[in-house]
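This report introduces a protein chain to a reader who has not met it before. Please view the sequence and the model before reading on.

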Amino acid sequence: MLSLVNSIRGSLLQRPASQFIRQLQTTSELIQKLKEQPRHYAIADIAGRPLLITKNDKVITHRLNDVKVGDVLKLDKVREIGSKDYTLKGAPYVAEDIYDIHATVIEHTKSKLIQIVKKKRRKNYKRTIEHKQTHTVLRITNVDVL
């Protein structure tokens with residue numbers, strides 16, 4: 001067994017180093033290639049949840065209390081931005097000077113009536129709770145690579 005490992009190790013060491021080293025490109029060259037693509041997507045954190053977005057998408061999120069209808073939001077927490085051929089992933093987020101993503105608040109709505117039933121068997125205990133969850137609807141107006 002040891003001789004098999006040594007023979008494999010020896011054959012790896014005899015290969016030229018150029019086969020093991022990938023050609024690395026600078027970040028600016030990769031961003032330029034990503035910029036040349038016609039359409040882009042992004043995975044952005046909106047209200048604490050990652051969402052896959054593209055231009056002109058309508059996104060329904062949990063209620064954002066500090067915004068009004070018509071406000072334009074700049075999304076600054078982007079985990080990944082890419083296109084059909086290229087992807088740029090952040091660790092955990094992509095640098096803000098690479099992209100420009102904007103969203104417009106369309107409306108604040110409520111969902112349909114949700115009924116929650118609590119019951120304990122053999123205890124004569126039954127409660128029904130009803131509520132409507134509040135949401136904010138956003139329109140993604142811009143997804144660009146700078």
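Does Ile114 count as buried, partly exposed or exposed, and at what relative accessibility? In this predicted model, Ile114 has a relative accessibility of 32% and therefore counts as partly exposed, since that class lies between the limits of 20% and 50%. Ile114 belongs to strand 8, which covers residues 114–120. Together with Ile116 and Ile129, Ile114 makes a nonpolar surface patch of about 200 Å².

**The chain as a whole**

Two helices and 10 strands are present in the chain. Read from the N terminus, the two helices come before the strands, in the pattern α-α-β-β-β-β-β-β-β-β-β-β. The chain has 146 residues, of which 27% count as buried. About 11000 Å² of the chain is exposed, and 51% of this area is supplied by carbon and sulfur atoms. Among contacts with a separation of 6 or more, 66% link residues 24 or more positions apart.

**The open sheet**

Four strands form an open sheet in the order 3-10-7-4, and their pairing is antiparallel. Strand 3 and strand 4 are the edge strands, each pairing on one side only. From one strand to the next, the twist averages 35°. Strand 4 and strand 7 run antiparallel and are joined by three bridges. Within this pairing, Val72 has Thr104 in strand 7 as its bridge partner.

The residue ranges of three strands are listed below.

| Strand | Residues |
|---|---|
| Strand 3 | residues 58–62 |
| Strand 4 | residues 72–74 |
| Strand 7 | residues 99–110 |

Key: Residues are numbered from 1 along each chain as its sequence is written. This is a predicted model: local features need pLDDT of at least 70, side-chain atom pairs count only at pLDDT 80 or more; totals for chains, interfaces and linings use all residues. Side-chain values use heavy atoms; hydrogens and water are left out. Buried means under 20% relative accessible area, exposed over 50%, partly exposed in between (1.4 Å probe, protein chains only). Contact means heavy atoms within 4.5 Å. Accessible areas come from the Shrake-Rupley method with a 1.4 Å probe; for residues, only the protein chains shown count as cover. Patches are made of residues with over 30% relative accessible area and no salt bridge: like charges are joined within 9 Å, nonpolar side chains (Val, Leu, Ile, Met, Phe, Trp, Tyr) within 5 Å. A salt bridge is a side-chain nitrogen of Lys or Arg within 4 Å of a carboxyl oxygen of Asp or Glu. Two strands pair if DSSP finds at least two bridges between them. Axes are lines fitted to C-alpha atoms, for helices over the stretch in contact, and angles run from 0 to 180 degrees between N-to-C directions.
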